[in-house]
Amino acid sequence: MSDSRTDDDAHHLDASQAADRRILWLVLLINLGQSLAGAGVGVWASSTALIGAALDNLADASVYGVSLYAVGRAATIKVRAARLSGWLLIGLAVLLFVEVLRRFFGGEEPVGPAMMVMAAVNAGLNLVCLHLLRRHQGEDVNFKASAIFTSNDSLVNLAVVLSGALVLWLDSNLPDLVLGVIVSAIAANGGREILSEAAEAAETARSEA
């Protein structure tokens, strides 16, 4: 009977890891598509906020790729993968802030309707990703990182819709630039949260060793 339980546990573990990988592959592909579409529309519409959202989606896709690598591996490897995700997001936040400064000193007015439509589509896709990720009920630090990224994206895209409306109303690129700074801050804070989760997971792993 003991052997039977061991076999059942191993089968459950393998099934769980396979399900985790399927979820991560789905959200990775969705975010890659969002990143490519958002970057293209952002450049065409001269929108810093959309470009920032596209960079955020690219960072998400990278996180999901790192998480895929970490599924089923040792706790120390998962912690390292999460730390990489956190620093990646902080790095992209810095790059976006630099782009905002560049556009502040010279840049054309963004296309408000394009911002609103692209952001609304992205917000819907983010909700799909968040639903998929929340089907995983475990405490894995990389799934927590992925959920943090996706939650941030939902807030960012709702803000882009508002920014697009303000661009139309005020006939100015200032709302887009302000949102670019906000997106940068949200991304940096998301990176900080992921690093904090990784630190807690590392401490737990040390205490259980």
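**Entry 1. Record and fold**

I began with the UniProt entry, which is unreviewed; its annotation "transmembrane region" covers residues 23-44, 50-72, 84-105, 111-133 and 154-170. I note that the model examined here is predicted.

I then set two of the annotated spans against the model. Residues 23-44 are 100% helix and 0% strand, with 32 Å between the end C-alpha atoms. Residues 154-170 are likewise 100% helix and 0% strand, and there the end C-alpha atoms lie 24 Å apart.

For the whole protein I found six helices and zero strands. Along the sequence this reads as α-α-α-α-α-α.

**Entry 2. Whole-chain totals**

I looked up burial: of the 209 residues in the protein, 44% are buried. The accessible surface comes to about 10,600 Å², and carbon and sulfur atoms hold 66% of that area. Among contacts with a separation of 6 or more, I recorded that 84% join residues 24 or more positions apart.

**Entry 3. Nonpolar cores**

I asked which residues make up the largest nonpolar core. The core has 12 residues, namely Ala 49, Leu 50, Ala 53, Leu 96, Met 115, Met 118, Ala 119, Val 156, Val 160, Val 167, Leu 179 and Val 183. At least two residues of this core come from each of helix H2 (48-70), helix H4 (112-134), helix H5 (141-170) and H6. I also found a second, separate core of 11 residues, with Ala 59, Leu 89, Ala 93 and Ile 148 included.

I followed two members of the 12-residue core. Val 160 is in contact with Ala 49, Leu 50, Met 115, Ala 119 and Leu 179, once neighbours within four places in sequence are left aside.

Leu 50 is found in helix H2. I class Leu 50 as buried because its relative accessibility is 1%, under the 20% limit. With neighbours within four places in sequence again set aside, Leu 50 is in contact with Gly 38, Val 41, Gly 42, Ala 114, Met 115, Met 118, Ala 119 and Val 160. I also took a distance from Leu 50 to Ser 35: the two are 15 residues apart in sequence, and 9.5 Å separates their C-alpha atoms.

**Entry 4. Two aspartates**

I next asked whether Asp 176 is buried or exposed. Asp 176 lies in helix H6 and is buried, with a relative accessible area of 2%. Not counting residues up to four places away in sequence, Asp 176 touches Ser 46, Ser 47, Thr 48, Ala 49, Pro 110, Met 115, Ser 163 and Val 167. Ala 49, Met 115 and Val 167 in that list are also members of the 12-residue core.

Asp 171 lies in the loop between H5 and H6. I class Asp 171 as exposed because its relative accessible area is 56%, over the 50% limit. Between Asp 171 and Pro 110, 61 residues apart in sequence, I read a C-alpha to C-alpha distance of 9.3 Å. Pro 110 also appears in the contact list of Asp 176.

**Entry 5. A position in H4**

I checked Ala 123, which lies in helix H4. Ala 123 is buried, with a relative accessible area of 11%. From Ala 123 to Leu 155, 32 residues apart along the chain, the C-alpha separation is 8.2 Å. Leu 155 falls within the annotated span 154-170, and Ala 123 within the annotated span 111-133.

**Entry 6. Nonpolar surface patch**

Finally I asked which residues form a nonpolar patch on the surface. They are Phe 97, Leu 101, Phe 104, Phe 105, Leu 174, Val 178, Val 181 and Ile 182, and together they have about 760 Å² of accessible area. Helix H3 (75-104) and helix H6 (174-208) each supply at least two residues of the patch. H6 gives the largest share, four residues.

I looked at Phe 97 as one of the patch residues. Phe 97 is found in helix H3. I class Phe 97 as partly exposed because its relative accessibility is 37%, which lies between the 20% and 50% limits.

Technical notes. Residues are numbered from 1 along each chain as its sequence is written. This is a predicted model: local features need pLDDT of at least 70, side-chain atom pairs count only at pLDDT 80 or more; totals for chains, interfaces and linings use all residues. Side-chain values use heavy atoms; hydrogens and water are left out. Patches are made of residues with over 30% relative accessible area and no salt bridge: like charges are joined within 9 Å, nonpolar side chains (Val, Leu, Ile, Met, Phe, Trp, Tyr) within 5 Å. Accessible areas come from the Shrake-Rupley method with a 1.4 Å probe; for residues, only the protein chains shown count as cover. A salt bridge is a side-chain nitrogen of Lys or Arg within 4 Å of a carboxyl oxygen of Asp or Glu. Buried means under 20% relative accessible area, exposed over 50%, partly exposed in between (1.4 Å probe, protein chains only). A nonpolar core is a set of buried Ala, Val, Leu, Ile, Met, Phe, Trp, Tyr and Cys residues joined through side-chain atoms within 4.5 Å. Contact means heavy atoms within 4.5 Å. UniProt positions are given in the numbering used here, feature names are shortened, and annotations may be inferred rather than shown by experiment.
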